[in-house]
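Here are a few notes to read alongside the structure. Take them one at a time and find each element as you go.

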Amino acid sequence: MIRRILIANRGEIAVRIIRACREMGITSIAVYSEADKNSLHAMLADECICIGPPEPSKSYLNIPSIIAAAEITDAQAIHPGYGFLSENAKFATICRECNITFIGPSASAISNSGDKSACREAVKRAGVPTVPGSEGLIRSSAEAAEIARKIGYPLLVKASAGGGGKGMRIAHNEAALKHAVTMASNEAESAFGDPGVYLEKFLEKARHVEVQILADEHGRIVTLGERECSIQRRHQKLIEETPSPALTNSQRSKMLRAAVRAAKAIKYTNAGTAEFLLGPDGQFYFIEFNARIQVEHPVTEEVTGIDLVREQIRVASGEPLGYSAVKNQGHSIEARVYAENPEMNFMPSPGIIRRCHIPGGPGIRVDTHLFSGYEVPRYYDSLMAKVIARGKDREEAIQRLSGALDEFITEGVENTARLCARIVRGDRFRRGDLGPDLLEEYLPMNTKTA
Ligand code: MV4
């Protein structure tokens with residue numbers, strides 16, 4: 001069993017992993033950049049070590065620094081959290097070569113999911129519905145135009161090395177398509193060092209529903225229900241919930257089985273998420289597989305009673321999952337509180353939090369690294385907290401969440417809590433009508449996006 005874990009991350013997820021370690025009697029080791037010297041994760045961990053300057057490329061993304069920190073502190077395993085090095089196959093390989101357990105999937109499973117086009121083909125071959133589109137990468141604008149003539153517009157050009165919406169371009173006609181292919185390919189080359197792009201029909205009214213899975217190293221795969229994440233702005237999720245108000249029980253069981261087939265197709269182990277688009281007609285289509293613990297994992301924990309970070313550590317230690325089915329109970333909704341000003345086009349609002357108030361009460365969980373006096377650094381993602389409500393039903397979860405969001409105070413730093421409160425109290429959210437256009441109704445005129 002693992003006794004010492006180095007956490008290669010920061011912020012609320014680093015704190016979340018420290019807590020899992022503490023419950024399991026594992027020594028937690030934090031790494032921090034110079035900008036995070038006074039951060040909560042560095043304070044709460046059993047041990048901590050500085051890994052470099054504030055810039056992510058020099059600290060949390062710096063593989064030699066992190067491996068050196070693990071060697072110096074005698075860590076047996078590294079938990080990467082989300083973002084940063086979490087889906088970096090090279091990092092997973094280096095960990096293995098240094099005899100450090102990477103708490104996540106194998107390097108090859110990371111590669112299999114990270115190549116979005118190859119993943120889509122592998123999952124399609126396994127009999128899971130995918131969005132109509134190209135077969136593998138497209139080799140030229142002419143080939144793209146030919147596919148477009150068969151499946152029609154609008155189309156999305158997606159970077160194969162992208163994911164989470166990065167490197168995505170929409171095209172409504174042939175002229176726009178040629179331009180989109182060139183632009184997306186160039187963007188992908190400079191952002192990911194890989195120019196590969198593929199095509200999908202753009203499903204304009206689809207909702208984003210994803211399935212959480214856990215897979216052990218002995219061939220067992222368990223599904224833990226779905227999460228609906230349709231309320232997003234520029235691929236930044238604002239509100240997530242489980243169960244999805246859009247799924248019938250029969251659609252749900254089909255989607256959960258599809259997620260297991262997808263995981264098998266890419267030989268996946270550890271915690272992972274299959275992402276689907278759900279059409280207004282109830283049809284669903286696999287789009288990509290996320291090889292990490294996700295920001296929104298707590299809603300799944302709240303309705304299943306399973307600690308996903310603990311399960312990640314157990315699975316990475318080679319332990320079998322001790323169950324084959326999970327019972328989901330009640331409803332859970334998460335709102336993300338970012339240090340951003342919704343009135344100013346979500347401009348980041350870093351700085352010192354002079355005073356803060358973190359909500360609580362029955363059915364409320366807050367995953368955060370905030371405290372009064374903390375300075376939100378300008379170098380990283382602006383997520384400050386996740387407010388997670390649980391209720392016996394959706395109504396109760398909405399009621400608890402909206403009250404908790406009203407309570408959230410960060411003096412000195414703007415936040416997105418009020419915006420989320422208005423959304424969850426709104427008629428459309430209450431009806432469960434979470435189309436991709438919902439958010440627009442709540443944004444000030446100057447921040448509406450096309
Ligand atoms: C799409 C799509 C429409 N059509 N793919 C969302 C997450 C990222 N992994 C890719 N995403 C999308 N892929 C096709 N073929 C729309 C989205 C999308 C989205 C979908 C539902 C609700 C909100 C969304 C926000 C951004 C992008």
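1. Start with helix α8, residues 174-192, which lies across β6, β7 and β8. Against β7, the helix runs at about 175°. Please keep in mind that this is a predicted model.

2. Now look at the strands beneath your cursor. They form an open sheet of three strands in the order β7-β6-β8, with antiparallel pairing. Its edge strands are β7 (166-171) and β8 (197-201), each of which pairs on one side only. On average, neighbouring strands of the sheet are turned by 25° against each other, direction ignored.

3. How do strands join up in general? Strands of a sheet pair through backbone hydrogen bonds, and the pairing can be parallel or antiparallel. Here, strand β6 (residues 155-163) pairs with β7 in the antiparallel sense over five bridges. To see one bridge, find Gly163: its partner in β7 is Lys166.

4. Next, move along to helix α12 (residues 394-407) and helix α13 (residues 417-425). These two pack at an angle of about 155°, and their axes are 8 Å apart. An angle over 145° counts as roughly antiparallel, and α12 and α13 are therefore roughly antiparallel to each other. The crossing of α12 past α13 is left-handed.

5. Which residues make the contact between α12 and α13? From α12 come Ile398, Leu401, Ser402, Gly403, Leu405 and Asp406. From α13 come Ala417, Arg418, Cys420, Ala421, Val424 and Arg425. Sorted by class, this contact of α12 with α13 has seven nonpolar, two polar and three charged residues.

Definitions and conventions: Residues are numbered from 1 along each chain as its sequence is written. This is a predicted model: local features need pLDDT of at least 70, side-chain atom pairs count only at pLDDT 80 or more; totals for chains, interfaces and linings use all residues. Side-chain values use heavy atoms; hydrogens and water are left out. Axes are lines fitted to C-alpha atoms, for helices over the stretch in contact, and angles run from 0 to 180 degrees between N-to-C directions. Helices (H or I, at least four residues) and strands (E, at least two) are DSSP runs, numbered from the N terminus. Angles under 35 degrees count as roughly parallel, over 145 as roughly antiparallel, 65 to 115 as roughly perpendicular and the rest as oblique. A crossing is left-handed if the near helix is turned anticlockwise from the far one by less than a right angle, and right-handed if clockwise. Contact means heavy atoms within 4.5 Å. Ala, Val, Leu, Ile, Met, Phe, Trp, Tyr, Cys and Pro count as nonpolar, Asp, Glu, Lys and Arg as charged, and the others, Gly among them, as polar. Two strands pair if DSSP finds at least two bridges between them.
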